[in-house]
Amino acid sequence: MIYRSTRSDLTATPAEAVLAGIAPDGGLYVPEKMEFPTFCAEETVKKDFFGIAAEVLFALFPDFSREEIEKIVRDAYTGKFDAEDLTPTVPVGDKYVLELFRGPTCAFKDVALSVLPHLMGKSREKCQVTDEIVILTATSGDTGKAALQGFQDVEGTKILVFYPNGGVSRVQRAQMVTQRGENTFVSAIEGNFDDAQTGVKAIFGDFAKNGTMKGTGARLSSANSINIGRLAPQIVYYFKAYGDLLRQGRITWGDKVDFVVPTGNFGDILAGYFALLMGLPVGKLVCASNKNNVLCDFIRTGTYDKRREFFKTDSPSMDILVSSNLERLLFLMAEGGAEEVARYMKALSEKGVYLVKPKLLNGICEFFSGYCTDDEGGADAIGRVWRENGYLMDPHTAVAWHCAEQFQREEERDCPVVVLSTASPFKFSAPVLRSIGESADEEEFALLEKLSRLSGLAIPPSLAELSSLPERHSGVIAKSAMADFVLEKVKA
Ligand SMILES: *Cc1c(COP(=O)(O)O)cnc(C)c1O
């Protein structure tokens with residue numbers, strides 16, 4: 001199987017695609033639609049999480065042996081999640097919630113970032129690369145910690161994370177500065193998230209023109225969802241959720257299931273489309289946006305227009321105006337292939353807007369719907385679901401829940417609806433407390449205790465221990481010092 005760039009006729013083997021992260025032409029690697037692997041989906045959904053993960057990953061990375069994939073899955077997940085089946089599907093009211101936050105950092109990114117380092121390590125062997133792999137990440141909170149946790153002490157890799165000083169929550173900061181591991185490095189920068197992101201991109205540009213950092217024996221790569229190795233593990237839980245509904249007797253094989261996905265960079269929801277292409281009976285994929293509703297507008301109109309105000313919301317991991325992974329969907333659906341996609345992306349970067357052909361939009365709308373809500377809508381959903389069902393959602397999940405309600409009202413569907421839950425409510429205690437009618441004026445760790453007391457839920461152990469762990473990465477540097485920081489750590 002071969003991966004293709006979304007912007008030209010460049011190709012890569014699965015291992016090369018994982019190692020590179022992004023294609024040299026700026027495109028993203030994806031299989032051609034016709035080349036998507038199919039296998040016996042019905043047999044697959046009946047397996048446990050580990051079994052499904054092995055099937056899905058082996059299908060997408062056939063240059064790995066089955067034994068290698070099985071080892072990667074074991075090493076990635078054994079003992080790391082606090083739910084026995086890793087991603088439970090629980091009935092709540094007339095819907096189901098797929099809980100993806102049971103991993104070590106309490107956000108759904110753990111599912112993929114537990115696997116990526118192991119995939120990368122093996123890819124490095126397969127491509128006979130001896131350079132050390134240096135992962136550079138700018139984070140506004142969730143990705144940084146999940147990547148640090150995933151890459152901690154993985155041989156042949158180092159991970160460096162930059163976050164905006166004062167721009168992340170106390171819990172998120174504590175999660176990062178207390179990170180263990182000999183190969184992990186974290187620094188705050190004086191600036192906002194955009195400064196961190198711009199700095200990281202500049203370092204890629206300066207040092208990585210040939211893919212390697214000259215004189216250091218290191219090459220840079222990415223742990224963001226532009227990496228196909230991030231997307232593949234996310235396909236697994238769609239199969240798992242379908243299997244759960246089957247086992248609970250809610251559906252029979254072949255029945256369609258609708259999924260509602262809190263969306264930012266379009267990675268999570270795209271994995272649902274990959275599951276569909278691989279034979280899972282997926283009905284509609286509902287793209288749930290917060291007030292930054294550029295994707296919702298796109299699905300409804302065919303115009304992607306990033307020239308709009310950027311809002312900071314209670315669901316910060318969805319605060320994004322340029323959703324990278326949409327490019328992969330366009331590639332899979334556009335009749336004009338890479339050439340057509342390259343035109344759209346050029347227009348986006350030069351003019352900030354593009355309009356897709358009506359036929360392409362129709363193709364998208366066959367499988368996708370777009371809905372959005374604001375912080376008030378999300379808070380309302382948290383409060384109601386708590387009072388009526390005794391179930392506590394985080395603000396990202398709440399956006400999806402609210403969108404699921406709109407979807408059920410506006411479209412005539414009779415499929416079960418699964419809402420993907422992407423973070424633990426304890427990661428966002430303040431807005432969650434306010435949504436259930438409580439004050440949230442105490443300092444952050446006191447808020448965790450308060451939420452636990454009121455909800456009767458235990459604080460996830462990885463968050464509970466944070467206030468007592470020693471800080472290992474307390475530094476703050478100027479944004480102009482980022483490149484030197486990277487060089488110093490890479491040489492260390
Ligand atoms: C990253 C993230 C999202 C958005 O996922 P995408 O794959 O970027 O669309 C939603 N919720 C939470 C909690 C996240 O961390």
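**View 1. Surroundings of the buried face of helix α16 in a predicted model.** Among the elements covering the buried residues of α16 through contacts (heavy atoms within 4.5 Å) are β4 (89–92), α17 (395–410) and α18 (429–435). The model is predicted, with local features requiring pLDDT of at least 70 and side-chain atom pairs counted only at pLDDT 80 or more, whereas totals for chains, interfaces and linings use all residues. Residues are numbered from 1 along each chain as its sequence is written, and side-chain values use heavy atoms, with hydrogens and water left out. The buried residues (under 20% relative accessible area, 1.4 Å probe, protein chains only) are Gly-377, Gly-378, Ala-381, Ile-382, Gly-383 and Val-385.

**View 2. Helix α16 and the residue that follows.** Helix α16, a DSSP run of H or I with at least four residues, numbered from the N terminus, comprises the 15 residues 375–389 and reaches 21 Å from its first C-alpha to its last, close to the 21 Å expected at 1.5 Å a residue, that is, 1.5 Å times one less than its number of residues. After α16 comes Gly-390, which has a positive phi near 65°.

**View 3. The ligand and its polar contacts.** Of the 15 residues around the ligand, those that come nearest are Lys-109, Gly-264, Asn-265, Asp-268 and Thr-422, where a residue counts as near if one of its heavy atoms lies within 4 Å. Polar contacts, pairs of N or O atoms within 3.5 Å, place a polar side-chain atom of Lys-109 2.5 Å from a ligand oxygen atom, and a backbone N or O atom of Asp-268 2.9 Å from an oxygen atom of the ligand.

Conventions: Helix = DSSP H or I, 4+ residues; strand = E, 2+ residues; numbered from the N terminus. Buried < 20%, exposed > 50% of the residue type's maximum accessible area, 1.4 Å probe, protein only. Polar contact = N/O pair within 3.5 Å; in protein donor to acceptor, adjacent residues only side chain to side chain.
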